[in-house]
Amino acid sequence: MSGFSADWLTLREPFDAAARHVRVRDEALRSIAGLDPVAIVDLACGTGSGMRAFAPFVPARQTWRLADNDLSLLARAAESPRPERAQATAVPVDLAHDLEAALDGAVDLVTTTALLDLVSAPWLERLAIECAARRLPLYAALSYNGHIAFTPEDRGDAVIVAAVNAHQRTDKGFGPALGPIAGAEAIARFAAVGYVTVHETSDWTMGPQDREMQNALLAGWAGAARELDAQPLDDIIGWLTRRRELVAAGRSSMIVGHVDLFARPTETREAARSQSNSTSPSRR
Ligand SMILES: C[S@@+](CC[C@H](N)C(=O)[O-])C[C@H]1O[C@@H](n2cnc3c(N)ncnc32)[C@H](O)[C@@H]1O
């Protein structure tokens, strides 16, 4: 068990799908244009929402390697409906320790959704280096960026948001998490290994009708504030009660900020291969 319930991932999936930025997705598609079949590895796949969101846009035959360390989520991912031209293999792997195993073999594109804010700076650096060593493009969607906006506002919002963002920086199994700065860090790390990056905001927007999603988030955020002892319990309960009343009354809207990133190596594997062939002694 990873602590991410299938119910929560199912609840957030349509908000993720709506938030994904088309320009970033199109850049990812461009990176695999002309490949048939195309091999994609999805890191921290959960129940497979990244594949469900992306696969329908890929015109070619696809093989997906779905990697996660939560066996019950992986089982659902393996059974997930997918386009006829897509095949998927679920791979149990602890990415904190065995990232390389997930990336080895035939891979044309690395995808991930809602992972980078969980990882540490050293792990992100490792991801950038491992992708660069294999000249693999990366499409990393939905990294939380620290921005939460409520309509209408409540006097308790700012303290809770600060607590949520502090909680985001705590260890989620990869060392101290990057949390809200994950997107910016990823852009910098991939640029540092010579990648070209394209990034756009991909915010969740929840209207008054999105009661279940709003209530799930509010409960999670109150729990994070409680865990960090960010303020007296009475204040947290008071905030949660007031916000839930607004949700129940159909008067609450929320925005949760995210960033989508696509990063591609400037040199393709084909170019590198022909370069090394033309300079290898056997060819002289
Ligand atoms: C926020 S969920 C996102 C899941 C999925 N990508 C989605 O968007 O629905 C984070 C995922 O990271 C996985 N995860 C967390 N730590 C992991 C680790 N050390 N190795 C592999 N997967 C991990 C969890 O099991 C979970 O599926």
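How far does an oxygen atom of the ligand lie from an N or O atom in the side chain of Asp68? In this predicted model, the separation is 2.5 Å. Two other polar contacts of the ligand can be described alongside that of Asp68. A polar atom in the side chain of Asp94 is placed 2.8 Å from a nitrogen atom of the ligand. Gly46 takes part through its backbone, where an N or O atom is 3.4 Å from a ligand oxygen atom. With the protein present, 97% of the ligand's accessible area is covered, the reference being the 590 Å² that the ligand has on its own.

The site of binding was examined next. The ligand occupies the largest pocket. Two elements, α1 (6–19) and α5 (95–103), each give two or more residues to the shell around the ligand. The shell numbers 20 residues, of which Ala44, Asp68, Asp94, Leu95 and Thr113 come nearest to the ligand. Asp68 and Asp94 thus appear both in this nearest group and in the polar contacts described above, Asp68 with a ligand oxygen and Asp94 with a ligand nitrogen. Sorted by class, the residues of the shell comprise 11 nonpolar, 5 polar and 4 charged.

Salt bridges were considered for the structure as a whole. There are 13 salt bridges in the model. One of these joins the side chains of Arg23 and Glu200, with an N to O distance of 2.4 Å. Arg23 belongs to helix α2 (residues 22–31) and Glu200 to strand β6 (residues 195–201), so this salt bridge ties together parts of the structure that are 177 residues apart in sequence.

The backbone geometry was then inspected. Most peptide bonds are trans, and most residues other than glycine have a negative phi. Against this background, two cis peptide bonds and two positive phi values are described here. The bond from Asp36 to Pro37 is cis, its omega being near 5°. Pro37 is located in the loop that runs between α2 and β1 (38–43). Thr151 and Pro152 are likewise joined by a cis peptide bond, for which omega is about -5°. The loop holding Pro152 lies between β5 (138–151) and α7 (157–168).

Ala114, a residue other than glycine, has a positive phi, near 55°. Ala114 is part of the loop between β4 (109–113) and α6 (121–134). For Asp229, phi is also positive and near 55°. The loop that contains Asp229 connects α9 (211–227) and α10 (233–248).

Note on methods. Residues numbered from 1 in each chain as written. Predicted model: local features only at pLDDT ≥ 70, side-chain atom pairs only at ≥ 80, totals over all residues. Heavy atoms only, no water. Near = heavy atom within 4 Å. Polar contact = N/O pair within 3.5 Å; in protein donor to acceptor, adjacent residues only side chain to side chain. Areas by Shrake-Rupley, 256 points an atom, 1.4 Å probe, with all protein chains shown as cover. 1 Å grid on protein atoms, 1.4 Å probe; cavity = no way out; pocket = protein on both sides within 12 Å on 5 of 7 lines; lining within 4 Å. Sits in = over half its atoms within 2 Å of the grid points. Helix = DSSP H or I, 4+ residues; strand = E, 2+ residues; numbered from the N terminus. Nonpolar A, V, L, I, M, F, W, Y, C, P; charged D, E, K, R; others polar. Salt bridge = Lys/Arg side-chain N within 4 Å of Asp/Glu carboxyl O.
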